[in-house]
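User: Please take a close look at a single part of this structure, and explain each term as you go, since I am a first-year student.

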Amino acid sequence: MAETILIVVEQREGKLNRVSWETITGAQAIAAQTGWTIEAAVVGNGIAGIAAEVAAKSVAKVYALESPKLAAYTPDGFASALKQFIAQRQPKLVLMPHTYQVRDFCPKLAASLGSTVIPDCIGYKYEGGRLLFTRQMFQGKFAADVSFTGQGPWFATFQNGAFRGDQVQEGASAAPIENVAAEVADVRTSPEEPFKEAKQAVDLTQAEIIVSVGRGIKEQKNIDMAKQLADALGGEIAASRPICDSGWLPMERQVGSSGQTVAPKLYLALGISGAIQHIVGMKGSRSIVAINKDAEAPIFEIADIAVVGNLFDIVPPLIEEVKKAKAGA
Amino acid sequence: MLRPNGPVARCWVKILVCMKQVPQKDAPLKLNEGGTWIREDVSYEVNEPDAYALEEALRQKEKHGGEVVVITAGPARAQQVLREALAKGADRAIHLEDDRFVGLDAFNVARAFAAAIKEDAFDLIFTGLQSDDYGYAQTGVLLAELMGWPHATIIMQIEKKDSGIRVKRELEAGFFQFVEMPLPAVLTIQSGINKLRYATLIGIKQAKNKPMRKVSWDDVSGAVGENLQKVEKLYVPQKTKKTEYLEGSPAEVAKKLVDKLRNEVRVL
Amino acid sequence: MASTTSKRKIAGGSFLIEETNPREVFTPEDFTEEHLQIAKTAEEFYVNEILPNADKIEQKDFSVTRGLLKKLAELGLTSVDVPEQYGGTDMDKVTSSIIAENISRSGSFSVSFGAHVGIGTLPIVWFGTEEQKQKYLTKIASGEWISAYALSESSSGSDALNCRAKAVLSPDGKHYILNGEKMWITNAGFADVFIVFAKVDGEKFSAFIVERNSPGFAVGAEEHKLGIRGSSTAPLILNDCKVPVENLLGDIGKGHIIAFNILNVGRFKLGAACIGGAHESLKHSIQWAKDRKAFGKTIADFGLIREKIAQMAVGIYAGESLVYRTVGMMDAALSEIDKSAPDATREIRKAIEEYAVECSIIKVWASEMLDGIVDETVQIYGSYGYVEEYPAERAYRDSRINRIFEGTNEINRLIITGWLMKRAMSGQLALLPAIKRLMDEVMSGPSMPEEDDRPLAAERAIVASARKLSLLIAGAASQKYMQALVDKQEVMGAIADMVIETYAMDTCVARAERLLAAKGEAGASLAVAMTRAYLSGSMAIVERMAKKVMADVAEGDMLRTQMSILRRLTKYEPINVIAAQEQIAAKVLEQGKYIL
């Protein structure tokens, strides 16, 4: 009998977390190489809709683990429900997205089954019939291939962005859904409603997305356009020194040798030429996108994605496209 | 423990802080010959998230009274982490001292810790959010499971309640959540929850005289099992920095760029 | 064991007359865990508290400086030299130097810090009465009060005893009435308490503790300085300034004892502070060299840039070796003193005074080393080094004062040679017998050197030659000029340079030997390379200075004889300094900072 991969998709407040599609994409890739079967599980209360959504993808089966005790997330509740289920189903591999929620219960779940999690993986390798999971170590300075030594069920979680969620394969027909009345042991923690806090003082070093403007922005009033782009992306606005010197943006938003050193996931440089004093403050960014009129601008040397052109032409449609993409999400 | 100079009130909390020694942030790391781990001849320091956990424990103690105990596992060099914690105000330290502790997976480290503190009755165990070397973020949660205690991760605030504690968890996308739980419990502390203190000269002078309990490999090896996972290979990730130029009309460029932001940069 | 230092009390200046036993040389490798933790606290404080405030400090926002000094006091970092009963942390001089080194990475704050914890505090520690200590030290130790030291005047700097400020006892005998003006007073703008020197009745040079709010006391306008602009430097104006008689510090007419003793401490701490500044400049240089591109490479790939980086690291290596060897000797001597004895402070002063020549060497050597480093940092930055936006420019300006204050480097060179001559004459230092032995040796013609196949034999031989040359030249010069030598400043200065380099080389070699013994060839290879690189340049100075003096003190046959001795002593295989520097640069660039 073929082994099974079980994906535990994530739902929060009754909504599927889109990052779950990435996990399914990853599982589908592994399954394609190993020939294993893919099944998915949703945990919660009143989750039939989510189960149906997942069942549309190319998976063999979807389980809906339901209990009123699972209405709000608790590590005790989720771990005990899944423990019973997994102990009974015995999948070879359990995959989840590496979210804050998963970090909170997955190690406990694995340990309760005498097993282990390889967390925060960015990929996998299937070599000589062995599965290896690739993850970053030493804060990204190294990558490591990690194997399981025990019998399983094995647990692995995938980092946000490890696979492309939009490449998840749809099923030819909807997969069967099985409702499972989850057994939930004592829940010792009492969670309150999640809430959002008022935005605090800007800390660019913590920002995941930064839209940064340079001299190419030309006039103070144009800063607003860049801000709109930052807002659409859910990022922070920053600038090179001349902009802050002119008082168009406060000094605390300056990136570079005399300002902040940042390393966001995305650094979008608008009209920044890339003088070395600016580069030293942002070259550690995971991805650098540069839009500049001057094809010879040094910023292009370190950019991952380059657009040679007038930022005033490109930014407005870009804002629209970003908004569209977000709405589609 | 009798503390003649301590607060009059009953010791509220006895907190254990799990700490780890990791390579210094700016230390240039090199792979060992087999490519299975780094070369150990680097400078080490306290795992920064653990420093926040210690700071939070010290603040709780200052507020409510009690005791702060620090624990680490590793070779002799790891003692530096404990000395530093003692200098900052921890009351005593436990050192699981052996080279072999370095190679343990998170589950086994948690098992070794649990075995080492069998005789102690802690109300709370704190760990940092994760370590700067492995970055597994598991030891705290695993320890809770082993101890049979409730836990909560990524904690931003801790309040004492009659029935236990109420903590603020950080969720994703700017959300937070309060959670209540009874004691004893395990918390993993978010970095930035507080402002770290410096070790004072007096603290450094006094640290020498604070108790440091050594636990040998043999003392806890009975509780430790086979590692359930193994680092097969450590390597420098391939850099694929090639500048890709997007061309076309502004509208086309905008579309292409958003596509890349979603599928390659993955920020949408 | 070779890795531990023995704590024999070593006579000041003895490096010049006897071969050094490396096991008696204290090195940074001897720091205790406590020392390292204190270094860490100080370094973290610099990075997290001082550095982010650097711009505010530079704009003379003295509330920031005061706030930082207060925070440092709360951590116990400002009162290492203050006894515990007055709220101090009372630790050894190694600790004191470690703190100076790690706090003093940018000029302006370092100067405020140094003036407060050093020259502003120590006079009361050493010369204060019990009442004065209770009243002032406790507040100074807690950072509540900031202190300053007022010795110079507009017309008397290096010749401080020539001061014009006057003190006269009031008719009721309750106050001294001070009149005059003090100049270049660090911390004047915000200090609460000043150690002020004035002549009682215009004759007897004395010191007073003067509070800022004393009647008749005023602080003049801030000076506009080349560097250390964030520190306060202003004149004091004493206009019938009333100082209670109980604030006389030490004895009437004995102010010079205070002034001179304090300067010894000021000098070794200044040396430690220069090492801190050097670390900072090297870090900036490395960062820039790695980031800056030219001809399709980073400039850190170019040999002439790598050479500068290597030389900076060598400067730090030699400098920290010098500072900690010296304070290690002090601590060994101080550890023998019973601090509860009634004459303890006198014994402490004497123990430090013993190393006056080493303190002056450190002052001269370290300030010139740092000036070289900040200069080359500007060079590495190129045009960017010449503009205010980058750190190179400020460091370049800030460094310059170090060669001027705490006794100009010229005064200190005269002190070095003068002190040694004085000790030689009085027989306290067996310099004359050493010179005689040497003359006998050289006159008996060339001899086969003893076989030395231990590691660093060649380096030890170079140091031995430098020592001999220094003695030879000192002997020749004193024979020629006798008592008048003190007035032949160029000769005094050249001899001082030879002595300085001998101490520096000797110290580098001793540390490398210790490391070899402790860590083996691989573990010590960087230290050996730095030692060799240092020796190569240093021995050239010794030779040059020797020739300079020889040509002045001898002629004809005598000069020829001396030159043949010099040639014999300087016959050594040239050091491959390029290879050594390449090794050093590779390591330092990889680490991103000086690390041994």
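Analyst:
**From one loop to the contact of two chains**

Pro153(A) is found in the loop between strand S9 and strand S10 (154-158) of chain A, where strands (E, at least two residues) and helices (H or I, at least four) are DSSP runs numbered from the N terminus. The model is a predicted one, in which local features need pLDDT of at least 70 and side-chain atom pairs count only at pLDDT 80 or more, while totals for chains, interfaces and linings use all residues, and side-chain values rest on heavy atoms, with hydrogens and water left out. Residues are numbered from 1 along each chain as its sequence is written, and chains are lettered from A and ligands numbered from 1 in the order of writing.

The bond that leads into this proline deserves attention, for Gly152(A) and Pro153(A) are joined by a cis peptide bond with omega of about 5°. As a general rule, most peptide bonds are trans.

Just before the loop comes strand S9 (residues 142-148) of chain A, which is joined by 6 bridges to strand S12 (residues 229-235) of chain B, the two running antiparallel; strands are said to pair if DSSP finds at least two bridges between them. Within this pairing, Ser147(A) stands opposite Lys230(B) in S12(B). In general, the strands of a sheet pair through backbone hydrogen bonds, either parallel or antiparallel.

This pair belongs to an open sheet of 10 strands with mixed pairing, whose order is S11(A)-S5(A)-S4(A)-S1(A)-S6(A)-S10(A)-S7(A)-S8(A)-S9(A)-S12(B). At the edges stand strand S11 (177-181) of chain A and S12 of chain B, each of which pairs on one side only. From one strand to the next the twist averages 35°, angles being taken from 0 to 180 degrees between N-to-C directions of lines fitted to C-alpha atoms, for helices over the stretch in contact.

Elsewhere in this sheet, strand S4 (residues 37-44) and strand S5 (residues 61-66) of chain A pair in the parallel sense over 6 bridges, and there Ala40(A) stands opposite Val62(A) in S5(A). Helix H3 (residues 75-89) of chain A packs on the sheet and touches strand S1 (4-8), S4, S5, strand S6 (93-97), S10 and S11 of chain A, with its direction making about 140° with that of S5(A); contact here means heavy atoms within 4.5 Å.

From the strand pairing we can turn to the whole interface, in which 79 residues of chain A are in contact with 76 residues of chain B. The area buried between chain A and chain B is about 6,900 Å², with carbon and sulfur atoms giving 58% of it. Of the area that chain A buries against chain B, 11% is supplied by Tyr100(A), Phe138(A) and Phe142(A), more than by any other three residues. Buried area is the accessible area (1.4 Å probe) that two parts lose on being put together, summed over both.

Charged groups also meet across this interface, since the salt-bridge rule asks for a side-chain nitrogen of Lys or Arg within 4 Å of a carboxyl oxygen of Asp or Glu, and between chain A and chain B that rule finds 4 salt bridges. Glu192(A) forms a salt bridge with Arg166(B), and their closest N and O atoms are 2.8 Å apart.

A polar contact is a pair of N or O atoms within 3.5 Å, where within protein one must be able to donate a hydrogen and the other to accept it, and residues adjacent in sequence count only if both atoms are side-chain atoms. By that rule, 34 residue pairs (both at pLDDT 80 or more) are in polar contact across the interface of chain A and chain B. Helix H9 (residues 311-328) of chain A gives the largest share of the side of chain A that touches chain B, 8 residues. That side has 39 nonpolar, 16 polar and 24 charged residues, where Ala, Val, Leu, Ile, Met, Phe, Trp, Tyr, Cys and Pro count as nonpolar, Asp, Glu, Lys and Arg as charged, and the others, Gly among them, as polar.

Chain B also supplies a strand to an open sheet of 6 strands, ordered S15(A)-S14(A)-S16(A)-S17(A)-S18(A)-S13(B), with parallel pairing. Strand S15 (236-239) of chain A and strand S13 (244-245) of chain B stand at the edges, each with a single partner strand, so one side of each is left without a neighbour in the sheet. Strand S16 (residues 266-270) of chain A is joined to strand S17 (residues 287-292) of chain A by 5 bridges, with Leu268(A) opposite Val289(A) in S17(A).
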